[in-house]
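Here are some short exercises to work through with the model open beside you. Try each task before reading its solution.

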Amino acid sequence: EQVGPAINGVADNAEVFGSQIHVTGQFAGDQQGTIASNIMRLDPATQTWQPLGPPLPRTQSPGIAGIVNDTAVFDNKLFVVGDFTLAGETPTSNIISWNGAAWTSPLSRGGTGPVRAVAVADGNTYIAGRFGAFGTNNALNVAVNDGTGWQQAGDGVAGNVDDLTSFGDSVALATTDGTNVRVFALEDGTWTQLGAELPNPTGFIPVGFVKELSAGLYASTLVSSTPLYKYENFAWNVAGFSTGQFASVYDVTRFNGQLVVGGNSLVESNGSVFASCVGLVDASGQINVLGVNEEGQPLLSGIVQAVEVYNGELYAAGSELRLLGSLNFIGGIARWTGTDWVPVASGVSGVTGPGFISDMQVIDNELVVAGFFSSAGNQPARNIAAWNGSAWRSLGLGIGQQIVGLQLVGEAVS
């Protein structure tokens, strides 16, 4: 099954609002003739895509004239942020809200630059990006709405904001200047840099990654011999170091009291980098491959983009995953038995290739995975599916384009 007809373009974000799936991205409608610019909703009765609001004056295509970067549900409205100036007939500047029937600009004047990310913390909505003002107020790259209007969050932050996360009852964000990654947290109305800048020994242009776990706040520049840091005692301390120079960490979780990372090229041995993709961080902070044979070769190889614990067991998901000694892909997801990695039934697959998984979360006692695939466990599933411990199922009709991330909003997955 799939959600409606295929989309003409790329949909890279989905949000549940008013019991309907809303997708955003860069597209012009679907392949059955629906015309829509960069945002559509699924009619649950007819399982067809529907445009939102009146058509844009120039193109006569309903939707948003520009790039959509992120969405979030707040105050019974769907907020859409990105780099655009018009939604239907409503002028705006990089932010717009949809109340289920009409577009409304949440302020008389939007941002002066693109909005990259949105997060909700302690009842407030935070927006970060690359702008110097928001609404009628100056706002350096980050703004907040406490229910009364938009204003600068704290004293603002300099640099490009790559990532934004809740942090306790506040928020933290990662900024880059093309060379370094710095992490800031909002404390008593002031953005305070957490520790020093993250080292970038490889010299690659970094991308900031920041994530809060119950054990603390973790960050990475993604490519480094020290790819994972934890903030504690007012400093960034290496939470995971690698014997390889170009290790990449894409996700982190805790399993049986230990830190587990997912990525690629995590370990170097005898002068060659194995395609090691799941690592267990020991007491010294060294990343060791989770699951090796007697020669030290990883039992699972590929690129792991998500690690998650479900029913007390560790799962790893990503792309090009193979078991040692096999040339065949295992369907983008594997389960750790305690001694070995095993496939999760037949995993996911694409129409012309193996398919891959970008993210996964435990929701309502199921492991929900999302990415780019057409089936899960040999059952039709368009880009999103759920594993209950013994079988796969499609979530409704799925999503018509690749999904890059999942977010739990209230009691709905988006």
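**Exercise 1. Find out how confident the predictor is, overall and in its weakest stretches.**

Start with the whole protein: the average pLDDT (the predictor's confidence in each residue, from 0 to 100) is 80, and 84% of the residues score at least 70. Next, go to residues 270-274, where pLDDT stays under 50. The model gives this stretch nine contacts (heavy atoms within 4.5 Å) beyond four places in sequence. Then look at residues 408-414, also with pLDDT below 50; here the model has 18 contacts beyond near neighbours in sequence.

Some ground rules: this is a predicted model, with residues numbered from 1 along each chain as its sequence is written. Local features need pLDDT of at least 70, side-chain atom pairs count only at pLDDT 80 or more, totals for chains, interfaces and linings use all residues, and side-chain values use heavy atoms, leaving out hydrogens and water.

**Exercise 2. Work out the strand order of the open four-stranded sheet, and say why one side of each edge strand has no neighbour.**

Strands here are DSSP runs of E with at least two residues, numbered from the N terminus, and two of them pair if DSSP finds at least two bridges between them. Reading across, the order is β24-β25-β28-β29, with antiparallel pairing. β24 (248-255) and β29 (287-289) are the edges; each has a single partner strand, so one side of each lacks a neighbour in the sheet. From one strand to the next, the twist averages 35 degrees (axes are lines fitted to C-alpha atoms, and angles run from 0 to 180 degrees between N-to-C directions). Now zoom in on β24 and β25 (residues 258-264): seven bridges join them, and V252 faces V261 in β25.

**Exercise 3. Describe two hairpins, β20 with β21 and β30 with β31.**

Take β20 (residues 209-213) and β21 (residues 216-220) to begin with: five bridges hold this antiparallel pair. Two residues lie between the strands, and F209 has S220 as its bridge partner in β21. In the other hairpin, β30 and β31 are antiparallel over nine bridges, with V304 opposite G318 in β31. Two residues again separate β30 from β31, and N311 in the turn has a positive phi of about 50 degrees.
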